[in-house]
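Reader: Please take one part of this model and go through it closely. I would like the ligand site and how it sits relative to the domains.

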Amino acid sequence: MIKRLIAYFKNYKFYAILCPVLMLFEVLGDVMMPLLMAQIINRVSPDKAFTNEDIYYVLKMGGVMVIVALAAMFCGAFSSYLASKASMGAGAELREDLFTKIQTFSFSNIDYFSVPSLITRMTTDVNNLQQTGMMCLRMLVRSPFMFIFALIMALSIHTELACIFLVAIPILAIAIILIMKTVHPRFMSFHEKIDDLNTSVQENLTNIRVVKSFVREKHEKEKFKKANDRLTSTGINAIKIVIMNMPIMQLVMYVCILAIVLFGGRLVVDTTLGRVVAEAGLEPGDLLSFITYVSQILMSLMMLSMLFLQFTRARASGQRVLEVLDTEVDIKDPENPIAEVPDGTIDFENVAFRYKSGNIEDTLSDINLHIESGETIGIIGSTGSAKTTLVQLIPRLYDVTKGSVKVGGHDVREYGLETLHDSVAMVLQKNTLFSGTVRDNMKWGNPDATDEEIINACKQAQAWDFISKKPEGLDGEVSQGGANFSGGQKQRLCIARALLKKPKIIILDDSTSAVDTATDAKIREAFDAELKGITTIIIAQRINSISHADRIVVMDDGKIVDVGTHEELMKTSKIYNEVYTSQQEGVISE
Ligand SMILES: Nc1ncnc2c1ncn2[C@@H]1O[C@H](COP(=O)(O)OP(=O)(O)OP(=O)(O)O)[C@@H](O)[C@H]1O
Ligand SMILES: [Mg+2]
């Protein structure tokens, strides 16, 4: 995992190498400081009088200290700048890879991850990795070097005194390992809770109109609060362990300093005389710098331990990110794809289908149906009878579980996806427009469409009336999701967009549900007149919308129960009759 993530720094090698080098200089500066200070302190001794020469010496050394400090500061700051540049760049490339990968995902891949989780993985998780990268570049070099240099200095000042570390370091190491072991699973579940929270937020915000119209704000607020509380408590659960790190470190550090003052003090001060004696083996300045080195050593260990903790977090994020990158896209182009769909015939042969996400029963079963090229087919059935599921198999949005779906005489799995999607236009039940102009949206159907073609398609879909009424016409703004259009207008724009593809098969999944009956009839007439030779499949709840079709398919509980013309079905199909009667009653009582 680490190897694969580090590969993202490939383009930032220069920064990634220069940064630790500069860091090294900063460490050198930091380590030199106590040494210089010791020189000053050792020069001033209570035994000796203060001379002009001493003052000059102190000033000189002070000057050197300032220069070293400034140089170290510059190196440190510049190296941090390089570290952030490298990790931001690497993070951006990682995000881009994720985005590209997600674009290739099939519907069932997306079902598996869920949209909010993909968003969290692309944002929070990548940020996490970015931050870790930055910390690594800075700390992974700084801390060990600081540790080694400071240890060498401390040893050179007084070897026996430095033995105190022999006790301190193992204690620290054990503490860090214990903390890391406990904290990893907690971070893993913390990230899952972030997913949950994002799900709640995304669902609420994209459907805010529905939420408001059903006065569900309170319920939504409670749902959010629950997710938020769970996130908070798992967060606290993880942080609870992380924060142990600091006090343990500090405790060890202060105990060390105490021990050094206790033992080192005896070396500096002659207890019988009660004053400082240089002959005892350690000068006061040296003791002082020794203490500074001790804190540098322990500080660098503390940094390392924080880095390790960040690693455990990053490991959780890294796993989540790589899971996306490693996902096998289940619907992809075959080896030698057929480059053209010959005609609009459709065949379902013994088709069964089951959604991967948690379903134990087949959603569709025993589907056998032949549709001629140019035929108009109506599909009707109660909600949940798998009408949408059935038609989604034609443009291969999902792959069948059993049997085969053929378009133009070939199995849909033999076509290149682009070829297939160009020939099969599907207006999804929950269709959407994108922010931009009306023209931009239409060009999704065909990037080379002329204004004339666009207007023509809009006219067929009965969308031109309301577009031409707007002063900007085709340049009229579409806001995100098409929120500035009515439901029926949106549906008509989506139909126009699909028509522009000049497909061989067009599928309208409940696409005129929000259109009034008169306009619906007009769309139908236009389709009859203009779409000759194009196979048309219309799913509808209203019998009126499909009664004109060449054949009507009646679905119930994932099966085709009846097929025939309106007249035939009126005579033979019980379900069709029930639906018809119930809809007539509606008309009469209106
Ligand atoms: N992405 C999915 N993952 C799992 N199950 C699904 C998915 N989409 C639909 N289903 C299930 O499959 C069954 C058929 O759904 P489908 O959307 O095909 O019905 P439909 O006939 O189009 O209904 P409607 O008239 O309400 O649009 C339903 O029971 C539904 O719960
Ligand atoms: Mg449906």
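**Ligand site and domain contact**

Author: The protein chain splits into domain 1, residues 2-326, and domain 2, residues 346-589. The model is predicted. Between the C-alpha centres of domain 1 and domain 2 the distance is 57 Å. Four residues of domain 1 and six residues of domain 2 make up the contact. Together, domain 1 and domain 2 bury about 480 Å². Of that area, 59% is on carbon and sulfur atoms. On the domain 1 side, Phe107, Ser108 and Asp111 provide 82% of the area buried against domain 2. No other three residues provide more.

Asp111 also leads to the ligand. An N or O atom in the Asp111 side chain is 3.1 Å from a nitrogen atom of ligand 1. So which residues lie closest to ligand 1? They are Gly384, Lys387, Thr388, Thr389 and Gln429, and the full shell has 16 residues. By class, the shell holds three nonpolar, 11 polar and two charged residues. Helix H12, residues 387-392, contributes the most to the shell, with three residues.

Now the polar contacts on oxygen. Thr388 places a polar side-chain atom 2.5 Å from an oxygen atom of ligand 1. Gly384 uses its backbone: an N or O atom there is 2.9 Å from an oxygen atom of ligand 1. How much of ligand 1 does the protein bury? Taken alone, ligand 1 exposes 640 Å², and the protein buries 67% of that.

Put the two topics side by side. Asp111 is one of the three residues that supply 82% of the area domain 1 buries against domain 2. The side chain of Asp111 also has an N or O atom 3.1 Å from a nitrogen atom of ligand 1.

Key. Residues are numbered from 1 along each chain as its sequence is written. Chains are lettered from A and ligands numbered from 1 in the order in which they are written. This is a predicted model: local features need pLDDT of at least 70, side-chain atom pairs count only at pLDDT 80 or more; totals for chains, interfaces and linings use all residues. Side-chain values use heavy atoms; hydrogens and water are left out. A residue is near a molecule or strand if one of its heavy atoms lies within 4 Å of it. A polar contact is a pair of N or O atoms within 3.5 Å; within protein, one must be able to donate a hydrogen and the other to accept it, and residues adjacent in sequence count only if both atoms are side-chain atoms. Accessible areas come from the Shrake-Rupley method with a 1.4 Å probe; for residues, only the protein chains shown count as cover. Helices (H or I, at least four residues) and strands (E, at least two) are DSSP runs, numbered from the N terminus. Ala, Val, Leu, Ile, Met, Phe, Trp, Tyr, Cys and Pro count as nonpolar, Asp, Glu, Lys and Arg as charged, and the others, Gly among them, as polar. Domain bounds come from an automatic or database domain assignment. Contact means heavy atoms within 4.5 Å. Buried area is the accessible area (1.4 Å probe) that two parts lose on being put together, summed over both.
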